[in-house]
Each structure stands twice: as C-alpha cells, then as structure tokens.
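I opened this one to see how the chain is held together, and kept notes as I went. They are rough, but they are in whole sentences.

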Amino acid sequence: FRRVLFRSDERVTPRHKSVADWLLNPDDCPARYRISKNAAYKILLEYIVAKRSGGRRWKRDIYVIKDYSVTLRALKKYDQLYELLIDEEYQHACVESAFFTLYEALIEYVSNLYFLYEEDEDYAFDVYESKCFIDVFSKYRMKIYNSGLFIQLKKCGFADYLKENDDKDFGLEFELGELHFYYISLSYPQAAEQIKRIIKNHPPELMDVNPRSELKRMMMLVYRKLVEFGKLEEIGNSTIADARDADNKFEESLAYLTLSKVFCRELRKKECYDACDMAVKILSEKVEEDEDISTKIGDHLFLAEDLRVYADACIWLKDYDKAKDLLKRAEAIYVGYNQYDRYYPRFLYTSLFYNISAKDDLAEAENLIAQVKTLLEKTNDDYDKAQLSLLTALMLLKRAHGDAQIISDAKSYAVDAVNKNKKLAVPLERLEAQTLYNIAAQMLGEEKKYADRFNQYTDVWIDYVEQYFLGILQ
C-alpha cells in the first residue's frame, strides 16, 4: 500500500484515481481493504457536528459548509437535514461563503428540499413555513428566477403549498417571488391573479421604486403572454421610468425588450427595432459595469437572449441578413463562456426559424431540431416544446412537395403545438399553430379546422402570420 498511497500529516491520498475506485468497489476490493462509504460519512458527520459546536470558526471550514447536507443525504438523516434547511445562521453562512457562489448555494438548498420532498412532502411544506425559507426566497428571488430554480421548486410541491396557503400574508417581497414563480412555471393565468392580489395588498403608488419597477416589469411580461397589449403599452413608459429612477438597468432593458415583442406583433417595425436597440444597449452597459463575476456572466448570457429576441423579430419582419448577424452575436456569447442557460434552446429554435425562413437547404434545420429536442427532453417546459413542434411542422411542410404522408406528419406536430399552447393559455402562440394546421389541412384538400380569433391584436397578427407561412412554403 505504501507504493499506491501517499501519506502527509493526517491525510492519505491515492497516487492514482484507480486506487480510490478499487477501494470503494465492493465487487472488486476484498473486505479487509475495502473502505465503507457509510462508515466514512458517519466519521465526517461526527467531525462536522463537533466543529459546529466549537465556536464560530466553523464558517471557515470547507467540510462544514460544502459537505454537511451531502453527508446528511447520504446517511438519510431527514430530521437533521430539515433542521439544517431552517437554520438561518447556517444558510446565510453558505450564501456568503467563499466556498460557494450564490448560485451554487441556492442550487444546494433547492436540491436538499427536493430530497426531503421525495421522502415526505410534509418536510418540504414545513420548510416553506420557516422564516429561513421565506427570507431566502424573498431576498434571492431574482437569482432563483434567472437560474431556473423555480422549475425545480415546482417539483418540490411549492405550487401545492401556495394553493393551500393563498390567504397568508408573507409580505411584498415574497409575493413578488410568487409572481416570478407562476410566470416561470408557465402558469400565466395564476400570474395574472397574483398581480391583482399584490396590487390589492400593496398599492403601487405606495411602494418604493424598486419593488414597483419589478412589479410593472412582471405585469408587462404577463400581459404579453395573455395578449393584453393595450394594458402593456399603458404601463410601458412608466415601467422604464421607474427602472431608471431605481438605477436598475436590467429592469429597464427587459421593459424595452418586452415592448419590442408587442411592436413586432403590431407590425410596427421601426418602434420594434428602436426598442430592441435600447434593450441591447442598456444591458451591454450593465455587463461592462458589473464587478461581481457571477452577475456579469448572468447578465452577459441574458444579453444573448436579448439578441435572440431581436433576431426573432427580424425573421418575422423578413430582415434575414440582420437576423443572421444578431444570431451570430448571440452564439459568440454562448461559445465564449462555454456555458448554456435555460434560454439556450430558444436560441437554437430561433436559429431553426431563420434556417426554415431564409434557406432552401433544410439539412441544418433538421440538425437543429434534433439538438433542441435533446435539450428539451430534460425539461418540463411545454412552451418551448410547443414552439419546437410548430417549427418542425413548418419545416416538414416546406420539404413535403406534395407528399401526403409528410403533410400529415406536419399536421400532427401542429396539433401538438395547438394543444400545448391551449393548455398553457397563451392565445397568440395557439393561433399561430392553428393557422399552420389549417394550411396543412388545405394542402390535403381538407377544410380549415380553426377559424377563431382572440382580440383585435391577434386579428392583425394572425392574418400576417398566414401570409408569412404561405410565402415560405411557396
């Protein structure tokens, strides 16, 4: 063993990873040499508990900060893990520790919640009741929102908890976090109801500028999904003004970006491009100013999403060269970090939309469909899955050349997009999918199945979409 292990003070290190693998493998390693993981975790837990009871220096101990919850999960110490998740001093130490980034600390917290929820949902629900969780959820709601951890919280029964406790007053910041949660988990009607609840409990005119700016920005996002464009434009300028007063460039940029989506659907090209330019400019300035590296990376990755939205508008408005340039700029950001956020599938399917719209060769489009499908298999994001189904149907129709089977396959994808969007209660996307279905049906000599419209805003847009699709297919 002296030949394969290196000893220094109290530490023993294998000279090669294969030695450690062998010592931990119950099938290959004889019992007298084999290391018991269970026994090792018990020793580590004894060390951590002793360290924590020995004064405040434990906050500088990497084992206490990084391995405490891992050890409790390994030993299935559910009660102790529950106590750890409601321990304010410990959780704040993790968030502020040099051993964790804030993002890593939040991931660990939510992962522990999921572990408890799988054993017994009462553990998770009791955590939700704690002051520690309420503080973490309220204070770091934007980090949780941007990291996609709200989706993981949904898997931990958080939506069920909120439904059972909708009469409780958790305070404005928590209620704003709830609004983010409903939006990011694709529950748009619930998000609209949450907006009403917040306004009733906390009149915006009495709010400080920061939460008011945040609320209005979320109102814009929800109104966009529900195609309430009039309401959105009513608060657009005041949302931008509040964000400026709060010196919150992220909020200001996002307000412009949301306005650009509406201007695109109203075929107001110049205003759409102006709003996109402002969104990109403001967020680019913020990226330059960011000092915290994790914030800088997060903002820079969201800048890629700004560029993607801009490119999507250019594709719809048939400005394909501009769209190609914007997609290249977005791709450069992703490649530069070799890091891909929850918006990356949208970048890929917007690239797919560009390929279908602007190119005759569909080989790259088929490759993009495969990439997006692989990424989305790991998620529960039906919004993005519906968009992929729509674009797959469009690609099939473009390559069908009268082949009835391919057209029939395209119809099936269009129906999938219709059903998913109907379930999500997003009228604009549902109508786009219905329009493509009708086109496919007519190719087969069938009658149109759908004829409904939602409001005056969808009337103009869907007429345009129909002509756009027919132009691509011709």
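My entries below go from the overall build to the strands, the core, the surface and the salt bridges.

**Overall build**

I noted at the outset that this is a predicted model. I looked up the secondary structure and got 25 helices and 2 strands. For overall dimensions, I have the C-alpha trace spanning about 75 × 60 × 45 Å along its principal axes. The protein has 474 residues, and 51% of them are buried. The accessible surface comes to about 23,400 Å², with carbon and sulfur atoms supplying 48% of that. I also checked the contacts with a separation of 6 or more: 63% of them join residues 24 or more positions apart.

**The strands**

How do β1 and β2 pair, parallel or antiparallel? I found them antiparallel, with 4 bridges between β1 (residues 5-8) and β2 (residues 11-14). I wrote down two of the facing positions: leucine 5 is opposite proline 14, and phenylalanine 6 has threonine 13 as its bridge partner in β2. The hairpin leaves 2 residues between the strands, and there I found aspartate 9 with a positive phi near 55°.

**The core**

Next I went inside. The largest nonpolar core holds 162 residues. Which residues have the most contacts inside it? My list reads Leu113, Tyr128, Phe133, Leu153, Phe158 and Leu394. Helix α18 (residues 293-316) gives this core its largest share, 13 residues.

I picked tyrosine 128 from that list for a closer look. Leaving aside residues up to four places away in sequence, tyrosine 128 touches Leu113, Phe133, Ile134, Leu153, Cys156, Gly157, Phe158 and Tyr161. Leu113, Phe133, Leu153 and Phe158 are thus among the contacts of tyrosine 128, and they also appear among the residues with the most contacts inside the core.

**On the surface**

I then looked for nonpolar side chains on the outside. Tyr47, Ile62 and Tyr63 make up a nonpolar surface patch with about 260 Å² of accessible area together. Tyrosine 63 sits in helix α3, and I have it as partly exposed, at 33% relative accessibility.

Isoleucine 293 belongs to helix α18. Is isoleucine 293 buried or exposed? At 57% relative accessibility, isoleucine 293 counts as exposed. I also took a C-alpha distance here: isoleucine 293 and threonine 101 are 192 residues apart along the chain, and their C-alpha atoms are separated by 9.9 Å.

**Salt bridges**

I counted 36 salt bridges in the structure. As background, side chains of opposite charge can pair when their charged atoms come close. I went through three of the pairs one by one.

First entry: glutamate 108 with arginine 73, closest N and O atoms 3.1 Å apart. Why does this pair tie together parts that are 35 residues apart in sequence? It does so because glutamate 108 lies in helix α6 (residues 102-119) and arginine 73 in helix α3 (residues 62-74). Glutamate 108 has 17% relative accessibility, so I put it down as buried. Arginine 73, at 22%, goes down as partly exposed. The cut-off for buried is under 20%.

Second entry: glutamate 129 and lysine 168, with 2.8 Å from N to O. Glutamate 129 is in helix α7 (residues 121-129) and lysine 168 is in the loop between α11 (158-164) and α12 (172-184), so this bridge ties together parts 39 residues apart in sequence. I checked exposure for both: glutamate 129 is partly exposed at 38% relative accessibility, and lysine 168 is partly exposed with a relative accessible area of 35%.

Third entry: glutamate 251 and arginine 217, at 2.5 Å from N to O. The pair links distant parts of the chain, with glutamate 251 in helix α16 (residues 249-265) and arginine 217 in helix α14 (residues 209-225), 34 residues apart. Are these partners buried or exposed? Glutamate 251 is buried at 5% relative accessibility, and arginine 217 is buried at 0%.

One last note, on shared partners: Glu233, Glu266, Arg268 and Glu271 are joined into one network by salt bridges.

Terms used
Residues are numbered from 1 along each chain as its sequence is written. This is a predicted model: local features need pLDDT of at least 70, side-chain atom pairs count only at pLDDT 80 or more; totals for chains, interfaces and linings use all residues. Side-chain values use heavy atoms; hydrogens and water are left out. A salt bridge is a side-chain nitrogen of Lys or Arg within 4 Å of a carboxyl oxygen of Asp or Glu. Buried means under 20% relative accessible area, exposed over 50%, partly exposed in between (1.4 Å probe, protein chains only). Two strands pair if DSSP finds at least two bridges between them. A nonpolar core is a set of buried Ala, Val, Leu, Ile, Met, Phe, Trp, Tyr and Cys residues joined through side-chain atoms within 4.5 Å. Contact means heavy atoms within 4.5 Å. Patches are made of residues with over 30% relative accessible area and no salt bridge: like charges are joined within 9 Å, nonpolar side chains (Val, Leu, Ile, Met, Phe, Trp, Tyr) within 5 Å. Accessible areas come from the Shrake-Rupley method with a 1.4 Å probe; for residues, only the protein chains shown count as cover.
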